[in-house]
Amino acid sequence: MRIVIAGGHGQIALRLERLLSARGDEVAGIIRRAEQGDDLRAAGAEPVLLDLESASVEEVAAQLRGADAAVFAAGAGPGSGTARKETVDKGAAMVFADAAVRAGVRRFVIVSSMGADPAHQGDDVFDVYLRAKGEADAHVTRQDALDWTILRPGALTDEPGTGLVRLEAHTGRGPVPRDDVAAVLAELVDTSATAGLTLELIGGSTPITVAVKSVAGN
């Protein structure tokens, strides 16, 4: 498969790139800064220099044409203010989804956040973030041309992955290693039977492949 990842230099994205390239997939990661390219190449991915905050749908679609799947793993980051929650977590996600439609890429996986809700109230940065993620998710679900899956991880940690998770429509809150989030994404990209599902993810007791197959059967 050829898989294009938005936010290619993110902590989850770099882990995902290593997993996908190791299994023989062709991976491209969209990055904003050229100096990030070496890290992607080390992970086995092709760096694509493009600023999703300012790029047009057509410019993004040009990078997606010929891909088998698209993964949105970009984020403004914890140190950013409310403006970039709107331009990255919401705006860039919408542009990436629209570009996938235009490029004819059906399989689309978006990394969201537990608690994301377009009707979330409040003006603090985290409130704006949850609302932006919720609005992006809602936009993706309206795209009939996409076989979309929304993944909402719990509290991200840098603990080594266990390969054991809880993946359900509603899990309740809990931590999950970034390693395991990336491993679940690698499975989801390959499992189109999860299309149309919004899934929460935390650490658990079920092997990742079993967990993905289980939700795919629902």
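In the predicted model, helix 4 bends by about 35° at Gly91. The 22 residues of helix 4 should span 32 Å at 1.5 Å a residue, and the end C-alpha atoms lie 30 Å apart, which agrees with that expectation. Just after helix 4, Gly104 adopts a positive phi of about 80°.

Much of the environment of helix 4 can be described through its buried positions. Lys85, Val88, Asp89, Ala92, Ala93, Val95, Phe96, Ala97, Ala99, Ala100 and Ala103 are buried in this helix. The buried residues of helix 4 pack against strand 1 (2-6), strand 2 (26-31), strand 4 and strand 5, and also against helix 3 (57-64) and helix 5 (125-141).

Aromatic contacts were examined next. The count comes to three aromatic pairs. One of these joins Phe72 and Phe96 in a tilted arrangement, with 5.9 Å centre to centre and 50° between the planes. Because Phe72 belongs to strand 4 (residues 69-72) and Phe96 to helix 4 (residues 82-103), this pair ties together parts that are 24 residues apart in sequence. Phe72 has a relative accessibility of 0% and therefore counts as buried, the cut-off being under 20%. Phe96 is likewise buried, with a relative accessible area of 0%.

Phe96 also forms a tilted aromatic pair with Phe108, at 5.8 Å centre to centre and with 50° between the planes. Since Phe96 lies in helix 4 and Phe108 in strand 5 (residues 107-111), the pair ties together parts that are 12 residues apart in sequence. Both Phe96 and Phe108 are buried. Phe72, Phe96 and Phe108 thus make up one aromatic cluster.

The strands are arranged in an open sheet of nine strands, with mixed pairing and the order 3-2-1-4-5-6-10-8-11. Strand 3 (46-49) and strand 11 (206-207) stand at the edges; each has a single partner strand, so one side of each is left without a neighbour in the sheet. Strand 1 and strand 2 pair in the parallel sense over five bridges, and Val27 in strand 2 is the bridge partner of Ile3.

A further helix is placed against this sheet. Helix 6 (residues 178-189) lies across strand 1, strand 4, strand 5, strand 6 (147-153), strand 8 (164-168) and strand 10 (197-203), and runs at about 165° to strand 6. Strand 1, strand 4 and strand 5, which are among the strands crossed by helix 6, are also among the elements against which the buried residues of helix 4 pack.

Technical notes: Residues are numbered from 1 along each chain as its sequence is written. This is a predicted model: local features need pLDDT of at least 70, side-chain atom pairs count only at pLDDT 80 or more; totals for chains, interfaces and linings use all residues. Side-chain values use heavy atoms; hydrogens and water are left out. Rings of Phe, Tyr and Trp (its six-membered ring) pair if their centres lie within 6.5 Å; planes under 30 degrees apart count as stacked, over 60 as edge-to-face and the rest as tilted. Helices (H or I, at least four residues) and strands (E, at least two) are DSSP runs, numbered from the N terminus. Buried means under 20% relative accessible area, exposed over 50%, partly exposed in between (1.4 Å probe, protein chains only). The expected span of a helix is 1.5 Å times one less than its number of residues. The bend at a residue is the angle between axes fitted to the seven residues ending there and the seven starting there. Contact means heavy atoms within 4.5 Å. Two strands pair if DSSP finds at least two bridges between them. Axes are lines fitted to C-alpha atoms, for helices over the stretch in contact, and angles run from 0 to 180 degrees between N-to-C directions.
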